[in-house]
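This report goes through one molecular structure, from the overall fold down to individual residues. Please keep the sequence and the 3D view open while reading.

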Amino acid sequence: MFPQWRSKYLSATVAVLGGAYLGFLSLAGGAGRAEEKAGDSGGYKPVAPLEVVMKHADDIFGGLDKKLEKKQFLAIKKEAQFLAELSNLAAQYKTEEDFKKFANTGKDLFLQLSQASGKKDAGEVKILMDKIDKNCEACHDKYKEKEEKK
Ligand code: HEC
């Protein structure tokens, strides 16, 4: 027959092994999360020149005035979301804190623009477009080489 102490001993062993296994699982999970985090912060490498990203951002941003005149708020909302993502991307191009700050300010302003446009708030859309324009220029003043005078 199976003595009482022996079955207690067995279940204790199972509990210890089970605990160790769960501990291992959570460690493995933790390592996975750490890897994910490293990928988020340092792993992204742009492959296109910044001027190409800028050219397209400029074309889209330049088209917003006309869309506002025609009250195409849904279109502005989507363009603003895309420009927020391009700003997010632009931040990856340089390591300087200040450069990232301008890019992140642009991202935040474009997100606000998409919200204002979602509310069909033409006045707020206009104000935000002006703020964005100033932010583009502020970054260019510091980081974009001036074209040679002709
Ligand atoms: C975080 C800094 C930063 C922000 C914000 C920024 N730019 Fe730029 N932009 C640059 C830099 C740096 C260059 C020069 C890139 C190069 O020539 O390598 C540039 C270049 C450009 C060019 C010239 C592209 C070409 O074909 O040579 C245009 C147009 C432009 N930006 C438009 C914009 C517009 C519009 C915005 C705002 C919606 C904006 N940029 C916001 C940094 C910025």
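The sections below cover the model and its confidence, the chain, the ligand shell, two helices, the nonpolar core and a few single residues.

## Model and confidence

The structure is a predicted model. The protein chain has an average pLDDT of 83, and 69% of the residues score at least 70. Within residues 23-39 the pLDDT is below 50, and this stretch makes 1 contact in the model beyond near neighbours in sequence.

## Overall fold

There are 6 helices and 0 strands in the protein chain. Read from the N terminus, the order of elements is α-α-α-α-α-α.

Of the 150 residues in the protein chain, 16% are buried. Among contacts with a separation of 6 or more, 56% join residues that are 24 or more positions apart.

## The shell around the ligand

The ligand is surrounded by 19 residues, and the closest of them are Glu 51, Met 54, Asp 58, Cys 136 and Cys 139. By residue class, the shell consists of 12 nonpolar, 3 polar and 4 charged residues.

Which helices supply at least two residues each to this shell? They are helix 2 (50-62), helix 5 (97-118) and helix 6 (122-143). Helix 2 gives the largest share, with 7 residues.

## Helix 4

Helix 4 (73-90) is made of 18 residues and spans 25 Å from its first C-alpha to its last, close to the 26 Å expected at 1.5 Å a residue. Its buried residues are Ile 76, Lys 77, Glu 79, Ala 80, Leu 83, Leu 86, Ser 87 and Ala 90. The charged residues Lys 77 and Glu 79 are thus on the buried list.

The buried residues of helix 4 have four packing partners: helix 2, helix 3, helix 5 and helix 6.

## Helix 5

Helix 5 has 22 residues, and the distance from its first C-alpha to its last is 31 Å, close to the 32 Å expected at 1.5 Å a residue. Buried here are Phe 102, Ala 103, Gly 106, Lys 107, Leu 109, Phe 110, Leu 113, Ser 114, Ala 116 and Ser 117. In an α-helix there are 3.6 residues a turn, so residues three or four places apart point the same way. Positions 102, 106, 110 and 114 are among the buried ones in helix 5.

These buried residues pack against helix 4 and helix 6.

## The nonpolar core

In soluble globular proteins, nonpolar side chains tend to be buried together. The largest nonpolar core of this model has 16 residues, and Phe 110, Leu 113 and Leu 128 touch the most other members. Helix 4, helix 5 and helix 6 each contribute at least two residues to this core. The largest share, 6 residues, belongs to helix 5.

Leaving aside residues up to four places away in sequence, Phe 110 touches Ala 80, Leu 83, Ala 84, Ser 87 and Ile 132. Of these contacts, Ala 80, Leu 83 and Ser 87 are listed among the buried residues of helix 4.

## Gly 106

Gly 106 is part of helix 5. Why does Gly 106 count as buried? The reason is that Gly 106 has 25 C-beta neighbours inside 10 Å, while 20 or more are needed for a residue to be called buried.

Apart from residues up to four places away in sequence, Gly 106 touches Ser 87, Ile 132 and Asn 135. Ser 87 and Ile 132 are also touched by Phe 110. The C-alpha atoms of Gly 106 and Leu 83 are separated by 8.5 Å, and the two residues are 23 residues apart along the chain.

## Two lysines with positive phi

Most residues other than glycine have a negative phi. Lys 71 is not a glycine, yet its phi is positive, about 55°. Lys 71 sits in the loop between helix 3 (64-69) and helix 4. Lys 71 is exposed because 12 other C-beta atoms lie within 10 Å, and the limit for exposed is 12 or fewer.

Lys 120 also has a positive phi of about 55° and is not a glycine. Lys 120 follows helix 5, in the loop between helix 5 and helix 6. With 13 C-beta neighbours inside 10 Å, Lys 120 counts as partly exposed.

Lys 71 and Asp 121 are 50 residues apart along the chain, and their C-alpha atoms are separated by 9.9 Å.

How values were computed
Residues are numbered from 1 along each chain as its sequence is written. This is a predicted model: local features need pLDDT of at least 70, side-chain atom pairs count only at pLDDT 80 or more; totals for chains, interfaces and linings use all residues. A residue is near a molecule or strand if its C-beta atom, placed from the backbone, lies within 6 Å of it. Two residues are in contact if their C-beta atoms, placed from the backbone, lie within 7 Å. The expected span of a helix is 1.5 Å times one less than its number of residues. A nonpolar core is a set of buried Ala, Val, Leu, Ile, Met, Phe, Trp, Tyr and Cys residues joined through C-beta atoms within 7 Å. pLDDT is the predictor's confidence in each residue, from 0 to 100.
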